[in-house]
Amino acid sequence: MRTAAADWRALGTTVRLVVTDPALLDSCNLLLARHLAEVDAACSRFRDDSELTALDTAAGRPTRVSPLLAEALAVALRAAEATDGAVDPTVGSALDAIGYDRDFTLVREDDRPVALRLRRVPGWRRVRLDRATGTVTVPEGVHLDLGATAKAWAADRAAATLARAAGCGVLVSLGGDTAVAGEAPADGWQIRVQDVTGPAGPPPARGSYDTVALRHGGLATSGTTARRWRRGGHDLHHIVDPRTGLPVRTPWRTVSVSAAICADANAASTAALVKGEGAPRWLTRRGLPARLVRQDGLILTTPGWPTSARAEVAA
């Protein structure tokens, strides 16, 4: 089965679309671009005109939101509950405080100092989403961030939508959050999991990697090495521990998880970074196949993670 791929950028990250019918690549790519533009308009924390940003000025009043944002919020709140609050959408102010208050390409160019302060985030239970009325209530002063769930959810939604529309197999990857739908290639979707962020193509020049075959569902990798910056003598990254409001201190460099949908895989991989040493047991109890890479490069896997003869450590 032949495949065709397109690579570009949206939502502040890399986009990769692969279809099993090359003749449908262009039309699928147009649909994907439209879908991601809608997600950005609804969910972006960095756009003054987004629906999510408008909630900052709602002063705690119930606010009607679009079905798209309501769905994204529901996914974020479900992830928070499933991870015991390790993934929490009320980290917006904490991210702003450590300097992640704009697109990441601009964060790295900013040299303003930051004052790190230990403070628990407000907590996801304070957010009230009423799907029946299409309204959400966010307490005054609480700023939401959907970065931990929105890309994976968007990948799930896009893959399913495109597969139905095109009638072929589809893979959508947003910053490494990968969802597949439709009929997979004969040997499955071959996906490389690696510890150093890089483009599709040749294996990375350094760092360990593995290649797995995915036939359905989703696969996500979370880590503390890709989105890093330095401010005022502090090395910072974008994974915030809700218990402290600061970048998490974790024994893991990257965590990759496979699940029935990409949103669940990404919530689990992010939560594993926060849960630290207890992550392998937590993932195992939930029956989630995972690959965890320690800061020193040691690799651990949970039951169900596929073994691969191609797994190796690059020089």
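Trainee: Why is Thr149 called buried?

Mentor: Thr149 has a relative accessible area of 4%, and buried means under 20%, with exposed over 50% and partly exposed in between (1.4 Å probe, protein chains only); Thr149 is therefore buried. The model is a predicted one, in which local features need pLDDT of at least 70 and side-chain atom pairs count only at pLDDT 80 or more, whereas totals for chains, interfaces and linings use all residues. Residues are numbered from 1 along each chain as its sequence is written, and side-chain values use heavy atoms, with hydrogens and water left out.

Trainee: Where is Thr149 placed, and which residues is Thr149 in contact with, leaving aside its neighbours within four places in sequence?

Mentor: Thr149 belongs to the loop between E5 and H6. With those neighbours set aside, its contacts (heavy atoms within 4.5 Å) are Val75, Ala76, Ala79, Val87 and Asn266. The helix and strand labels denote DSSP runs numbered from the N terminus, helices being H or I of at least four residues and strands E of at least two. The chain has 8 helices and 18 strands.

Trainee: What makes the span of helix H3 close to the expected one?

Mentor: Helix H3 (residues 67-82) has 16 residues and reaches 22 Å from its first C-alpha to its last. The expected span is 1.5 Å times one less than the number of residues, and for H3 the expected value is also given as 22 Å.

Trainee: Which residues of H3 are buried, and what do the buried residues of H3 pack against?

Mentor: The buried residues of H3 include Leu68, Leu69, Leu73, Val75 and Leu77, together with alanines such as Ala76 and Ala79. The buried residues of this helix pack against helices H1 (25-43), H2 (51-54), H6 (150-166) and H7 (262-275), as well as E4 and E5.

Trainee: How do you know that E4 and E5 pair?

Mentor: Two strands pair if DSSP finds at least two bridges between them. E4 and strand E5 (residues 135-137) have 3 bridges, in the antiparallel sense, so the definition of pairing is met. One bridge partner in E5 is Thr135, matched with Asp130. The open sheet has the order E3-E5-E4.

Trainee: What makes E3 and E4 the edge strands?

Mentor: Strand E3 (63-64) and strand E4 (128-130) each pair on one side only.

Trainee: Why is the contact of Asp84 with Arg286 called a salt bridge?

Mentor: A salt bridge requires a side-chain nitrogen of Lys or Arg within 4 Å of a carboxyl oxygen of Asp or Glu. The closest N and O atoms of Asp84 and Arg286 are 3.8 Å apart, so the pair satisfies that cut-off. The two residues are 202 residues apart, Asp84 in the loop between H3 and helix H4 (92-97) and Arg286 in the loop between helix H8 (279-285) and strand E16 (290-294).

Trainee: Why is Asp84 called exposed, and what is Arg286 called?

Mentor: Asp84 is at 56% relative accessibility and therefore counts as exposed. Arg286 has a relative accessible area of 36%, so Arg286 is partly exposed.

Trainee: Why do Glu277 and Arg294 tie together separate parts of the sequence?

Mentor: The side chains of Glu277 and Arg294 meet in a salt bridge at 2.9 Å, N to O. Glu277 lies in the loop between H7 and H8 and Arg294 in strand E16, so the pair joins parts that are 17 residues apart in sequence. Glu277 is exposed, because its relative accessible area is 53%.
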